[in-house]
Amino acid sequence: MAFGRRGSGALTLFGAAGSEARVMKVATVHSRCECQAYLSAELDEQRVALRGWAVDARKQQLAAPANTLGAERERFDVGWACPFCTRNTLRSFTASALAFREPASKAS
Ligand SMILES: [Zn+2]
C-alpha cells in the first residue's frame with residue numbers, strides 16, 4: 001500500500017552494504033502440500049520469502065524454494081516448489097495475521 005516513501009522528503013535508504021543495525025523481523029507461514037509434506041516459509045516485513053522448507057511424514061527436511069506473489073496486498077499468496085512431489089503449491093495468507101518476530105537463534 002503506502003510504503004516506498006516513508007517519513008517525509010529526503011530519507012535515504014541504505015543499500016545492502018549499509019550498516020543498518022535494525023534487526024529484521026520475520027514471520028513464518030505454514031501449509032500442507034497435496035503430498036502431505038509440511039511446508040514452511042520465512043517472510044520478511046515486506047512479505048518477501050526469505051527461505052522455504054518442507055518436512056515429510058518421516059521428518060525428512062528439504063529446502064523448498066518459496067516465493068511470494070502479490071506481496072503488497074493484504075491477501076497474498078506464497079508458492080512453494082515441493083521437493084518431495086515437485087508440485088507447485090500455492091497458498092493464500094492474510095498479511096495482518098502474520099506474527100513477526102525477531103529471528104530466533106536457530107532453535108530446532
Ligand atoms: Zn508435495
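Okay, let's start in a turn. β3 and β4 make a hairpin with five residues between the strands, and in that hairpin K59 takes a positive phi near 65°. Bear in mind, please, that this is a predicted model.

Now the strands on either side of that turn. β3 covers residues 49-55 and β4 covers residues 61-63; they pair in the antiparallel sense, over three bridges. If you want one pair to click on, take A54, whose bridge partner in β4 is L62.

Let's walk back towards the N terminus from there. β3 also pairs with β2, again antiparallel, and this time over six bridges. L43 is a good place to look, since you'll find A49 of β3 standing opposite. These two strands form a hairpin as well, with five residues between them. Which residue in that turn has a positive phi? R47, at about 65°.

One step further back we get β1, residues 27-32, against β2, residues 38-43. That's an antiparallel pairing over six bridges. Here S31 stands opposite L39 in β2. The hairpin of β1 and β2 has five residues between the strands, and Q36 takes a positive phi near 80°.

A quick reminder for anyone who lives in force fields: strands of a sheet pair through backbone hydrogen bonds, either parallel or antiparallel.

Right, on to the other end of the strand list. There's an open sheet of three strands, ordered β5-β6-β7, with antiparallel pairing. Why does one side of β5 and of β7 lack a neighbour in the sheet? Because β5 (66-69) and β7 (88-94) stand at the edges, each with a single partner strand. On average, neighbouring strands of this sheet are turned by 25° against each other, ignoring direction.

Zooming in on one of those pairings: β5 and β6, which is residues 75-81, pair in the antiparallel sense over four bridges. L69 has D77 in β6 as its bridge partner.

Last, how far do we trust all this? The chain has an average pLDDT of 85, with 76% of the residues scoring at least 70. The start of the chain is another story: over residues 1-16 the pLDDT is below 50. Beyond near neighbours in sequence, that stretch has three contacts in the model.

So, for the discussion, the turn residues to pull up are K59, R47 and Q36. Thanks, that's me done.

How values were computed: Residues numbered from 1 in each chain as written. Predicted model: local features only at pLDDT ≥ 70, side-chain atom pairs only at ≥ 80, totals over all residues. Pairing = 2+ DSSP bridges. Axes fitted to C-alpha atoms, helices over the stretch in contact; angles between N-to-C directions. pLDDT = per-residue confidence, 0-100. Contact = placed C-beta atoms within 7 Å.
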